[in-house]
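Okay, thanks everyone. Let me put today's model up on the screen, and then I'll walk you through how a few of its pieces pack.

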Amino acid sequence: MKDIMFLKHEPLLEKLRDIRTYDKKIKKAVSKKNRDLAERLLTRKPSYTLDMLVRERYPKFIDALRDLDDCLSMVHLFAALPAVDRAVDGEKIPVERVHNCRRLSHEWLAYISRTHKLRKTFISVKGIYYQAEVEGQIVTWLTPHALQQVLPEVDYRVLLTFLEFYETLLAFVNYKLYRSINVSYPPILDPRLEALAADLYALSRYFDANGKSKQIENQQEGTNLDESEVRLAQLHQQLPSNEPGALMHLLDDGSNKEDEDLETRECKSLFKNVKFFLSREVPRESLLFVIPAFGGTVSWEGEGAPFDESDDSITHQVVDRPIQGRRFLSREYVQPQWVYDCVNARILLPTDKYMVGCIPPPHLSPFVDNEAEGHVPDYAEAIERIKAAGRKEVLPLPGTGIEDLDDPQGLLVSDRQEAIEAAKRKQQISMLEKQYLDELKLELKGAPFSDVPKEIEVKDAVGDTISDVQQMADDVSDMSKVVMPRKKRKLLEAMEMSKERKRSSVNRLKERKKNIDEAKNLA
């Protein structure tokens, strides 16, 4: 009852009632064929906003960031959908909504790329997954592939209702993020680049232009410093002389460096001094977002590109065709997967497996914990070895620790000696157990002690001992299940089923890998 009374006094409901009443006036004017009155009413039609709902639901900015995953996925989905208007089916996706979603999504991607907040990416059948860290919060969203989308049979009116709220929320978030880096919002883009569908590049140009204007303003403010501040600035040797506003520049740079954490600096320098060129068959929009987010310079094939394909400073060209018309010997030709694998591994991987015409290695998901799953792919181990070699480290052997690598000779000797001693102890225990059992049998038969043989043939009795221990463990487990409450017993059984399912999945992967290796060996 309290919620109903609260909704009764909702201002948005009053606004909707006013709009419905106004629509009746327009309909009445049209029915009376009063065209002038209907046009005047249409020009003054009231509208509503959802700003109050956003402020009520998210009192703090950090709350909005926590609830941004579904918002971003929905906005990116409608940004890739075609604008349809089918009166027969009742489906209507206005083109203004599609353009607005595309603008909001590009503004979000431009901020993430500019501030180097992107952390993970993965290409799947559904689309491309991204994960960024903004204000200490992990944000994960899905973007569809840049293909012709087929609209399924769903109720788009419900989706458009959610989308209306998500558009308002994302506009609030973008405004707050842009103001946090001293960039005016909404951005004003180059209409020529917008017409060429180069919105991300236009936004990067806008960031650069906005930063230069801030520097000019700082320089103009620096010329008005009094004499004492100028003398104080000249005392610092690290400041350039004769440059007005240099102190302000130093403060800005220092604050930016302090704000950046270690992971951001690592991501910022991954593609440093690496220059990419994208061919027309690769996913341009995704690569234009990922490469600058990790410090790289990128261009593409088409109008509005910052540099051409013939530029000699290009180090890598991303292609997805088996045959190239012309090749430059001064650059590497790689497939798009190389960029995403380098981003997830945080190192520049060797390009020999990603060359044109080669079958690339498996694209591993960074969202899966291989150790927790119980199966580590071979390529993941190869990447770890490459990373260790880059850090000039030596990976330990299975079953050893990092501290054992200080004395590798002692490690090998101790391991060999311990193995020999363990084998001897196991052999002696099995001999004594066999001797004891034989003595018991002879004693039951009534044989004298002198008939006991001195030397007993050694047989493997370890398997029986292990089976007995396993049986004892199973009995203890069964007894603990008996005394358990029903609820906890069901929970334990569910956990055991989950472990068994995971174990069977790992065994299936190992069996599949074994079959692939045998097929390769036969070939």
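So, how many bridges join strand β4 to β5? Keep in mind that this is a predicted model. The count is 7, with β4, residues 128-134, running antiparallel to β5. To see one pairing, look at I128, which stands opposite T143 in β5.

Zooming out a bit, those strands sit in an open sheet of 3 strands, ordered β3-β4-β5 and paired antiparallel. β3 (118-123) and β5 (137-143) are at the edges with a single partner strand each, so each has one side without a neighbour in the sheet. On average, neighbouring strands here are turned by 15 degrees against each other, if you ignore direction. Then there's helix α14, residues 284-293, which packs on the sheet and touches β3, β4 and β5. Its direction makes about 35 degrees with that of β4.

Next, another strand pair. β6 (residues 275-278) and β7 (residues 297-300) go parallel, over 4 bridges. F276 has V298 as its bridge partner in β7. Along β6, K275 and F277 point one way, F276 and L278 point the other way, and all are buried, the lysine included.

Last bit: helices. α2 (residues 11-31) packs with α3 (residues 35-43) at about 160 degrees, axes 8 Å apart. That angle is why we can call α2 roughly antiparallel to α3. The crossing is left-handed. On the α2 side you've got Y22, K25, I26, A29 and V30, meeting L37, A38, R40, L41 and L42 in α3. By class, that contact has 8 nonpolar residues, 2 charged and no polar ones.

Notes: Residues are numbered from 1 along each chain as its sequence is written. This is a predicted model: local features need pLDDT of at least 70, side-chain atom pairs count only at pLDDT 80 or more; totals for chains, interfaces and linings use all residues. Side-chain values use heavy atoms; hydrogens and water are left out. Axes are lines fitted to C-alpha atoms, for helices over the stretch in contact, and angles run from 0 to 180 degrees between N-to-C directions. Helices (H or I, at least four residues) and strands (E, at least two) are DSSP runs, numbered from the N terminus. Angles under 35 degrees count as roughly parallel, over 145 as roughly antiparallel, 65 to 115 as roughly perpendicular and the rest as oblique. A crossing is left-handed if the near helix is turned anticlockwise from the far one by less than a right angle, and right-handed if clockwise. Contact means heavy atoms within 4.5 Å. Ala, Val, Leu, Ile, Met, Phe, Trp, Tyr, Cys and Pro count as nonpolar, Asp, Glu, Lys and Arg as charged, and the others, Gly among them, as polar. Buried means under 20% relative accessible area, exposed over 50%, partly exposed in between (1.4 Å probe, protein chains only). Two strands pair if DSSP finds at least two bridges between them.
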